[in-house]
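Here's a quick walk through one protein chain, with the fold taken piece by piece. Keep the viewer open while you read.

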Amino acid sequence: MPMTDEPELPETLATYLRLRGLEPSPYRKKKRRRRADDGENAPFTPGRDPRGLGDVLSTLTKSAGWEPQLAREDLVRTWHDVAGADTAAHTRPVALDAGMLTVQADSTAWAKQLQLMRAHILSEIIRRFPEAGVEAIRFIGPDVPSWKWGTRAVPGRGPRDTYG
């Protein structure tokens, strides 16, 4: 500390005088302007309360664009509720491409019966899962072996069995 002729004040008194602005401080800094409140960080404003995990995940899925994919997966997961217990026991969704839902049935008879119920099932899907993007439904019969290819395949109609 430089030598001066002034008597040295106790530290507590010097601090008091400096804080009251009576004595300029050698460490005086320019006063910083306070930022304008942007409303988001202000206390007691809407949006400051904690949110539930469901709300946070909902916001995340909307902002990330995952809603259509999650709606499609929910449709497949809850197929028994959408189609009904009896129908779901004999069917399963196998594909969803360009708005066309393909549902595979246990037999050709079930596939034909579901074609008659197409409008009802489609309206139920659109009501429950509008984000899924289902515009039409196609019902197919069971997977059957193909007789049209292989080393011993012959041209023609092949065996005539309905497999169901």
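Two strands are counted as paired if DSSP finds at least two bridges between them. With that in hand, look at β1 and β2: they pair in the antiparallel sense over six bridges. Bear in mind that this is a predicted model.

**The chain overall**

Seven helices and three strands make up the secondary structure of the protein chain. Going along the sequence, the pattern reads α-α-α-α-α-β-β-α-α-β. Of the 164 residues, 20% count as buried. The chain exposes about 13,900 Å², and carbon and sulfur atoms supply 54% of that. Among contacts with a separation of 6 or more, 51% are between residues 24 or more positions apart.

**The sheet**

The three strands form an open sheet in the order β1-β2-β3, with mixed pairing. Why is one side of β1 and of β3 left without a neighbour in the sheet? Both stand at the edges, each with a single partner strand, so there is nothing in the sheet on the other side. From one strand to the next, the twist averages 25 degrees. One helix, α6, packs on this sheet and touches β1, β2 and β3, with its direction making about 160 degrees with that of β3.

The β2 to β3 pairing is parallel and rests on five bridges. Here are some of the bridge partners you can pick out in the sheet:

| Residue | Bridge partner | Strand of the partner |
|---|---|---|
| T91 | A105 | β2 |
| R92 | Q104 | β2 |
| M100 | A136 | β3 |

β3 covers residues 136–140, and its side chains alternate. I137 and F139 point to one face and are buried, whereas A136, R138 and I140 point to the other and are not.

**The turn between β1 and β2**

β1 and β2 form a hairpin, with two residues between them. A98 lies in that loop, and its phi is near 55 degrees, a positive value in a residue other than glycine. For context, most residues other than glycine have a negative phi. Is A98 buried or exposed? A98 is exposed: its relative accessible area is 75%, and the cut-off for that label is over 50%.

**A buried glutamine**

Q104 sits in strand β2. Its relative accessibility is 9%, and anything under 20% is called buried, so Q104 counts as buried. What does Q104 touch, not counting residues up to four places away in sequence? The list is H90, T91, R92, V94, I140, G141, P142 and D143. R92 thus turns up twice, as a contact of Q104 and as its bridge partner.

**The nonpolar core**

Nonpolar side chains in soluble globular proteins tend to be buried together. In this model the largest nonpolar core has 19 residues, and L75, W79 and I125 have the most contacts inside it. The elements giving two or more residues to this core are α3 (67–77), α4 (79–83), β2, α6 (108–116), α7 (118–128) and β3.

I125 is a handy residue to click on. Leaving aside residues up to four places away in sequence, I125 touches L75, W79, V82, L101, P130, V134 and I137. Two of those, L75 and W79, are named with I125 as having the most contacts inside the core. Another of them, I137, is one of the buried side chains of β3.

Technical notes. Residues are numbered from 1 along each chain as its sequence is written. This is a predicted model: local features need pLDDT of at least 70, side-chain atom pairs count only at pLDDT 80 or more; totals for chains, interfaces and linings use all residues. Side-chain values use heavy atoms; hydrogens and water are left out. Buried means under 20% relative accessible area, exposed over 50%, partly exposed in between (1.4 Å probe, protein chains only). Helices (H or I, at least four residues) and strands (E, at least two) are DSSP runs, numbered from the N terminus. A nonpolar core is a set of buried Ala, Val, Leu, Ile, Met, Phe, Trp, Tyr and Cys residues joined through side-chain atoms within 4.5 Å. Contact means heavy atoms within 4.5 Å. Axes are lines fitted to C-alpha atoms, for helices over the stretch in contact, and angles run from 0 to 180 degrees between N-to-C directions. Accessible areas come from the Shrake-Rupley method with a 1.4 Å probe; for residues, only the protein chains shown count as cover.
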